[in-house]
Amino acid sequence: MNSIYSRKPTVFYDQRGDGQSFDSMHLPQQQHQQHQHQQAAAAGGFSAYPLDKDGDSSQYLYNYRSTEDRRGRGRGQRRESAGGFFGRPGVLVVAMLTLVAAITKLHGIGRRNNVSWDEAHFGKFGAYYINGTFYHDVHPPLAKMLVGLSEVLAGHNGSFGFKGGETYPPHVNYRFMRMFNAAFGIALTPLAYITCRQLRMPRAAAATAALCVTLDNALCVMSRFILLDAPLLAFTALALTMAAIFHRQRRRAFDGVWWQALFATGLALGLVASTKWVGLFAVALVGAYTAADLGAMFCDTRMPARVYARHWGARVAALIAVPLCVYAACFAMHFAVLSRYDASASFMPAGFQARLRGNPLARQPYDVVSGARIRLHSSQPGAGYLHSHSHKYPTGSQRQQVTGYGFADGNNLWTVRRLAAAANAADVDPAVQHQPIDGAVADGDVVALHHNATDTLLHTDFRHAAPFTASNNEVSAVPVTSEQAKDAGALWKVEIVDAERRMADGRVHPLGSRIRLRSVSGGCVLRATGERLDQNWGWGQAEIACDSRAAAADARGAGYTWIVERNINSDLKPVDLGARMSSSFVSAFITLNRQMWLTNNALVPDHDKHNVLESAPASWPFLLYPMRMVGWDDRSIKYLEVGNPFLWWASAALCLLFPLQLVYWLACWRRRCLAWPSGTQFGDYIAGALLLWGGWALHYLPFFLMARVTYLHHYLPALYFGILFAVYQIHHAAMWYLSARGATLALWAVASVAAFGFWWFSPLTYGWDRPIGDLKGMQWLSSWAVYADEYAI
């Protein structure tokens with residue numbers, strides 16, 4: 001194959017059974033062949049894929065022949081595949097590779113007996129599943145439920161709090177928990193081998209790729225602690241493996257193995273998306289492959305419309321419905337297990353909160369009467385409670401701020417002063433706000449809200465615009481003795497937007513009534529705008545304003561409505577509100593995912609400070625900033641998330657150069673100076689290359705668009721694709737340009753270099769318990785914080 005680029009390509013042109021290419025149709029001495037091709041094209045249409053001896057390209061792409069023919073051919077192909085991969089030699093290779101992976105991941109896994117790095121978060125979350133306590137986190141629940149399962153199997157009772165740096169007590173079998181997590185890291189190796197075999201790499205090349213995955217220090221060290229990264233990587237690798245198997249089965253459409261591979265791909269996508277949202281990049285990869293797949297079928301004029309529609313239906317069911325069901329099922333289990341109340345559930349729907357065991361909100365006075373102290377929670381996700389504090393606005397009226405605050409404290413309490421019933425609302429005198437009337441607050445009543453902590457009244461003034469939303473009026477808190485407290489800006493009309501079915505009696509009830517507060521002065525509606533106040537003077541809290549543009553029909557959105565979450569009145573007997581409220585899984589599911597999105601977006605870096613843990617995406621492929629995972633004092637066991645430099649740099653170089661390779665080939669094709677031995681060989685190569693390179697690109701490039709804080713371990717899924725792509729490229733280059741012996745030696749060289757890099761940095765992978773200065777030769781780049789952090793204070 002040394003002369004592979006000496007002939008013109010055939011894969012890009014319509015090929016017939018006589019083996020002639022489209023180029024021959026342009027040569028004067030081959031007029032007869034030109035006529036034959038034109039006749040064949042008129043009969044069958046253009047195909048960009050090689051044809052079989054009957055002139056049919058469907059063998060290469062999709063099989064929609066008779067069931068009998070498909071079954072007969074499928075059995076023969078399965079036997080051929082089994083002999084090459086699923087037979088005894090393949091199983092032996094997988095077993096040996098898995099053994100090597102287990103040794104590298106499990107060796108000395110319990111050396112450090114302290115809660116290390118993010119074990120403080122995810123170990124604690126796992127314990128919550130044991131004691132059933134609700135919690136909130138930015139990630140979906142699957143991997144954390146697996147952590148909880150490992151704690152159950154380890155005999156943990158859920159009492160240990162996983163405080164960072166704390167020594168594990170004897171009753172917490174942290175070694176087993178880490179080994180459970182490491183099993184997902186071990187699974188990367190056989191999955192890598194299977195993937196490469198399905199992409200038609202020979203056994204030696206596939207084993208080399210799997211060994212390189214095993215011998216990356218960063219992938220290894222991140223699998224040795226109680227973290228989410230190992231399950232994420234395993235499910236990502238599983239999705240790639242299933243997609244590669246499905247691609248290999250594409251010629252046997254609607255066969256049993258084809259269906260199994262398709263639905264297994266959908267299951268893997270559901271698992272990876274339920275682990276971390278970056279798993280959606282794997283969904284995007286399979287989605288892009290599927291779009292190209294269906295697009296190619298659409299261009300095949302010989303495919304019947306009913307078969308094409310069946311392909312669409314199969315993919316919608318397997319690749320959309322199945323992942324969504326898996327994702328929703330994980331949250332259903334999450335809700336079912338976490339049945340005890342915690343303050344972190346404050347953003348959840350009121351009905352959901354009321355049904356949590358131990359919830360102090362579940363038993364409250366049923367009616368909100370004049371004189372009650374209440375806590376109002378905005379329906380706008382992330383806005384929190386109606387809040388005020390002594391700080392002033394720097395512009396506008398420069399009065400006391402009114403904001404939305406996400407945590408319950410004393411500055412969220414307001415006393416309700418009922419000033420007029422609905423029938424007399426039009427005649428209320430602002431000066432009588434110190435003379436409230438008795439009775440339960442009902443729809444249409446006029447009230448004043450007194451802020452207990454600062455002795456002020458909730459007030460709006462149309463003469464001043466809100467700090468950020470200039471089209472809205474400013475909302476502030478004015479002293480009860482001020483002149484502003486006596487005008488209509490301090491009066492609010494209560495409007496019930498909707499209520500629980502068993503609480504729909506026209507009165508306001510805690511948790512069960514969604515209300516709107518409309519200013520008597522001008523008719524504007526109190527709202528959470530969704531904006532955040534300046535951190536320097538507004539503490540980053542939510543902006544609260546009064547929207548004068550909101551007509552009654554328009555002010556039903558989440559930002560305009562409020563719920564009385566807390567109703568404090570010692571004169572009334574509390575009742576069980578949970579018995580009167582309904583709880584919907586769909587509502588809880590949507591609310592939690594929306595809050596996860598908001599919390600994730602709030603994780604923004606502080607550019608005024610240096611954080612040794614953070615790093616920019618541009619630095620990841622070049623391994624510029626390895627990350628210290630624990631404290632770095634002389635007596636502690638130190639772990640550094642540093643990858644195998646040879647693997648990182650080689651994969652980065654080949655991934656970055658691949659687009660240039662495609663451009664070069666395109667230029668050669670246009671110049672008609674590129675040739676392949678067969679169209680099938682080119683199709684197999686380019687399909688595998690695009691699948692692996694696309695996985696690297698989709699798992700890496702989107703981080704450049706994110707405003708959130710980023711860390712080196714965010715690159716690990718892309719690294720997995722990058723390592724497989726690097727070995728894939730090296731293997732094919734060796735096959736094209738080297739002899740068989742040279743290609744074998746190339747693979748040995750790759751494995752040897754990877755093994756050397758892993759061995760060299762293994763002290764920081766398995767833990768260094770002496771002064772770091774005793775470990776020589778670890779700082780290969782000046783930016784590496786191995787011996788000293790130049791930004792440390």
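Q: Which residues of helix 5 are buried?
A: This is a predicted model, and helix 5 makes a handy place to start looking. A residue counts as buried when its relative accessible area is under 20%. In helix 5 that holds for L142, A143, K144, M145, L146, V147, G148, S150 and E151.

Q: Why is helix 5 said to be largely enclosed by the rest of the structure?
A: Look at what covers its buried residues: the cover includes helix 4 (119–131), helix 6 (174–198), helix 9, helix 10 and helix 12. Then look at the count for helix 5 itself. The helix is called largely enclosed because the buried residues number 9 of the 12.

Q: How far apart are the end C-alpha atoms of helix 5?
A: Helix 5 has 12 residues, and at 1.5 Å a residue they should span 16 Å. The expected span uses one less than the number of residues. The model agrees with that expectation, with the end C-alpha atoms apart by 17 Å.

Q: Which residue with a positive phi follows helix 5?
A: Step just past the end of helix 5 and check the backbone there. The phi angle is positive, near 85°, and the residue that has it is G155.

Q: Which residue forms a salt bridge with K144?
A: K144 is one of the buried residues of helix 5, and its relative accessible area is 1%. Its partner is buried as well, with a relative accessible area of 14%. The closest N and O atoms of the pair are 2.9 Å apart, and that partner is D137.

Q: Which helices do the buried residues of helix 10 pack against?
A: Helix 10 has a long list of its own, with buried residues including W258, L262, L269 and V272. Helix 10 also turned up in the cover of helix 5. Its buried residues pack against helix 5 (142–153), helix 9 (229–248), helix 11 (280–299) and helix 12.

Q: What distance separates the end C-alpha atoms of helix 10?
A: Helix 10 runs over residues 256–273, which is 18 residues. At 1.5 Å a residue the expected span is 26 Å. The model agrees, with the ends apart by 26 Å.

Q: How many residues apart are D229 and K276?
A: These two form a salt bridge, with their closest N and O atoms 3.7 Å apart. The pair links distant parts of the chain: D229 sits in helix 9, while K276 is in the loop between helix 10 and helix 11. Both D229 and K276 are buried. Along the chain, their separation in residues is 47.

Q: What is the distance between the closest N and O atoms of R252 and D255?
A: Both partners of this salt bridge are buried: R252 has 8% relative accessibility, and D255 has a relative accessible area of 5%. Their closest N and O atoms are apart by 4.0 Å.

Q: How many salt bridges does a search of the whole structure find?
A: K144 with D137 is one of them, and D229 with K276 is another. Elsewhere, salt bridges that share partners join R200, R250 and D684 into one network. The number found over the whole structure is 19.

Q: Is W312 buried, partly exposed or exposed?
A: W312 lies in helix 12, which covers residues 305–337. Together with V316, I320 and L324, W312 makes a nonpolar surface patch of about 390 Å². Buried would need a value under 20%, and exposed one over 50%. At 42% relative accessibility, W312 is therefore partly exposed.

Q: Which residue makes a polar side-chain contact of 2.7 Å with T469?
A: T469 lies in the loop between strand 7 (456–465) and strand 8 (473–479), and it is buried at 15% relative accessible area. Beyond its neighbours within four places in sequence, T469 is in contact with R527, T529, E531 and E543. The residue whose side chain is joined to that of T469 by the polar contact is E543.

Q: What distance separates the C-alpha atoms of A284 and H699?
A: A284 is in helix 11 and is partly exposed, at 35% relative accessibility. Along the chain, A284 and H699 are 415 residues apart. In the model, their C-alpha atoms are separated by 9.3 Å.

Q: What share of the protein's residues is buried?
A: The secondary structure comes to 19 helices and 16 strands. Among contacts with a separation of 6 or more, 74% are between residues 24 or more positions apart. Of the 793 residues, the buried share is 55%.

Note on methods. Residues numbered from 1 in each chain as written. Predicted model: local features only at pLDDT ≥ 70, side-chain atom pairs only at ≥ 80, totals over all residues. Heavy atoms only, no water. Helix = DSSP H or I, 4+ residues; strand = E, 2+ residues; numbered from the N terminus. Buried < 20%, exposed > 50% of the residue type's maximum accessible area, 1.4 Å probe, protein only. Polar contact = N/O pair within 3.5 Å; in protein donor to acceptor, adjacent residues only side chain to side chain. Contact = heavy atoms within 4.5 Å. Patch = residues over 30% accessible without salt bridge, like charges linked within 9 Å, V, L, I, M, F, W, Y side chains within 5 Å. Areas by Shrake-Rupley, 256 points an atom, 1.4 Å probe, with all protein chains shown as cover. Salt bridge = Lys/Arg side-chain N within 4 Å of Asp/Glu carboxyl O.
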